[in-house]
Structures are given as C-alpha cells and as structure tokens.
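The exercises below are to be worked through with the sequence and the model side by side. Each task is followed by a solution that goes step by step.

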Amino acid sequence: MTPSLDTRPAFDARPVFDIRGVTKSFGATAVLHGVSLTVPVAGTTVLVGPSGCGKSTLLRLMMGLEGADGGTVTFEGDPVTAGDLALRRRMGYMVQGGGLFPHLTAAGNAALMARFLRWPRDRIAARLAELSALCRFPSDLLSRRPAALSGGQRQRVAIMRALMLDPHVILLDEPFGALDTLVRHDLQDELKALFADLGKTVVLVTHDMTEAAFFADQVVLMRAGRIIQSGPVAALVDTPKDPFVTRFLTAHRPRPDQQTRPDQQTRPDQKAGPDQPTGPDQSRREDGA
C-alpha cells in the first residue's frame with residue numbers, strides 16, 4: 001500500500017545545498033556514484049532508501065563531516081569542505097540516536113556549542129528557556145543527565161542542541177529510529193509542526209517511506225549510492241522512473257486499520273483490478289529479482 005499523499009503548496013526553489021557529481025569511497029568500497037541534488041530553501045527534503053544506500057554519507061558530506069572524493073558540495077553558495085567549522089555553525093545537526101554526552105546534563109548537552117563559542121551565561125540561559133518551551137521539554141529536567149531521561153526526552157534535548165545557534169538549516173540522521181511507536185508518533189507530529197513554525201530548511205534521513213511521505217516536500221529515493229528518483233511523493237507514486245521506486249513504495253506495511261480484510265482479498269484465480277496491489281512477487285519480477 002502506498003503512503004498517503006500530502007497536498008502542501010510548492011515551496012521556494014532557490015537552492016540551499018547544490019550537490020554536483022559527488023563521489024565517495026571508503027577504501028575499496030564506493031559509497032556514492034556521481035550524486036547530484038539541489039535542496040530548496042524553507043522546505044523539508046527527505047533522503048530515503050534501504051540500509052547502505054549512501055543517504056547518511058551524503059548527509060555527512062553536506063555537513064562537512066566528510067570530504068567528497070569528486071564533485072562539489074555548496075551551502076548557500078559557499079563550498080563545503082571537511083573541517084570548515086565556521087560553515088558548520090550555520091547548520092544544526094542531529095546524529096543517529098541523539099548523540100548526547102552521558103556526563104553532561106540536558107542543559108550542558110543542549111548548550112554545548114554556545115559554551116564553546118563563549119556565549120554569556122545569561123544569553124545561554126535565555127536561549128535554553130526559549131528552546132525548552134519550543135521543544136516541549138520540561139525546564140525542571142535540564143539539570144538531569146541523559147540516563148535519567150526517557151528516550152523521547154533525550155531526543156528533544158538533541159533537537160534543542162541542533163537549534164541552539166539558530167542555524168539556517170537543520171540536518172537530522174534517523175532521528176526517530178530508537179523510539180517506541182507511541183513516542184515516535186508524537187515526536188513526529190511535534191517536529192513537523194516545529195519545522196513549519198520555524199520556516200527553516202530541513203534535510204532528514206530515514207529508511208521509512210511512510211515517515212518520508214509524512215515530512216517531505218521533496219523525497220530523494222536512493223539505492224546503491226545513486227539517486228533513483230527525487231521530487232514530491234505524488235510524482236514517485238504516479239510516475240515512477242524505475243521499477244525499484246514502486247517496489248520500495250509498496251514494500252511498507254499499511255497500518256492495521258488500512259489492511260484488507262480476508263473477505264476483500266483477491267483469490268488466486270482472480271486477477272487484480274487496476275486499484276488492487278499486484279503483490280510482492282510481481283514487484284520482484286519488475287525489479288529483475
């Protein structure tokens with residue numbers, strides 16, 4: 001079953017990131033093969049695909065945590081190179097699992113970069129109060145260390161840290177992967193509303209197409225280090241450019257309330273109609289598997 005479609009209006013098409021012909025290898029293993037992509041301003045771009053497709057590596061290249069072997073990456077017109085700290089301060093980054101330091105309090109983790117830049121204490125305190133309200137994190141928990149926080153609370157602290165310097169763009173790598181279903185659902189709703197309120201450019205990595213459809217203005221579907229197709233979710237559903245696109249979209253299980261009842265299922269001696277799924281065997285044949 002394909003994800004539900006979002007009918008949000010088109011957003012500003014000016015590029016924040018401009019990626020052209022990027023290649024990346026780790027030793028003898030090629031991870032990215034001539035990837036080109038533009039990320040527009042003030043919208044959410046989601047990099048999605050199976051494990052090992054190169055989406056997290058691409059995000060790290062955009063952040064300047066890795067250097068490209070070939071091609072170019074620019075951010076707001078400036079070339080992105082590994083180790084450019086000044087450029088990186090214009091970006092907020094949330095790593096997989098949140099990446100909080102266990103010996104620091106929630107406040108210490110959230111204000112890490114502000115303290116590194118020697119912000120005055122009163123400025124840090126004011127920003128923490130603002131972000132606590134924005135991210136719905138109880139201010140009385142700021143003195144706790146990560147081990148004393150729930151999974152959802154730790155993720156909120158990681159989001160606060162990403163937003164601390166009021167960055168131009170927010171990059172998130174699998175931000176919901178370690179959360180249980182209910183916490184994940186609530187945090188997704190909160191983050192989507194937060195992105196809309198802030199009006200910032202967002203780049204999010206996930207392997208979950210349903211999650212991608214929920215957040216994305218632009219979906220970038222990757223496989224084996226290449227972009228297979230990018231655009232609005234509706235374009236991937238209606239005009240797939242490769243059999244893998246349809247296979248990936250239909251591989252995600254529907255919610256229990258969306259599943260077909262046994263009495264509505266197609267019998268083996270019946271052909272599927274135009275609005276009925278053809279099943280995994282058909283998608284495998286189309287994909288050459």
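**Exercise 1.** In this predicted model, decide whether F17 is buried or exposed, and describe its surroundings.

*Solution.* Begin with the accessible area: F17 has a relative accessible area of 0%, and because buried means under 20%, F17 counts as buried. Next, place the residue in the fold, where F17 belongs to strand β1, which covers residues 15-26. Then list the contacts, setting aside neighbours within four places in sequence: F17 touches L37, T38, V39, M62, V73, T74, F75, M91, V169, L171 and V203. Finally, compare chain and space, since P40 is 23 residues from F17 along the chain, while their C-alpha atoms are 7.3 Å apart.

**Exercise 2.** Find how many cavities of 30 Å³ or more the model holds, and state which residues line the largest cavity.

*Solution.* The count gives one cavity of 30 Å³ or more, and the volume of the largest cavity is about 40 Å³. Its lining consists of I159, A162, L163, I170, L172, L191, L194 and F195. Sorted by class, these are eight nonpolar residues, with no polar and no charged ones. When the lining is assigned to elements, α6 (151-163), β7 (169-173) and α7 (181-198) each contribute at least two residues.

**Exercise 3.** Describe the protein as a whole, asking what share of its residues is buried.

*Solution.* The secondary structure comprises eleven helices and ten strands, and 42% of the 289 residues count as buried. Among contacts with a separation of 6 or more, 69% join residues 24 or more positions apart. The exposed area is about 15,200 Å², of which carbon and sulfur atoms supply 51%.

Conventions. Residues are numbered from 1 along each chain as its sequence is written. This is a predicted model: local features need pLDDT of at least 70, side-chain atom pairs count only at pLDDT 80 or more; totals for chains, interfaces and linings use all residues. Side-chain values use heavy atoms; hydrogens and water are left out. On a 1 Å grid over the protein atoms alone, a cavity is a set of points where a 1.4 Å probe fits but cannot get out, and a pocket is an open set with protein on both sides within 12 Å along at least five of seven lines; lining residues have an atom within 4 Å of a point. Grid points are joined across faces, edges and corners, and a volume is the space filled by probe spheres set on the points. Helices (H or I, at least four residues) and strands (E, at least two) are DSSP runs, numbered from the N terminus. Ala, Val, Leu, Ile, Met, Phe, Trp, Tyr, Cys and Pro count as nonpolar, Asp, Glu, Lys and Arg as charged, and the others, Gly among them, as polar. Buried means under 20% relative accessible area, exposed over 50%, partly exposed in between (1.4 Å probe, protein chains only). Contact means heavy atoms within 4.5 Å. Accessible areas come from the Shrake-Rupley method with a 1.4 Å probe; for residues, only the protein chains shown count as cover.
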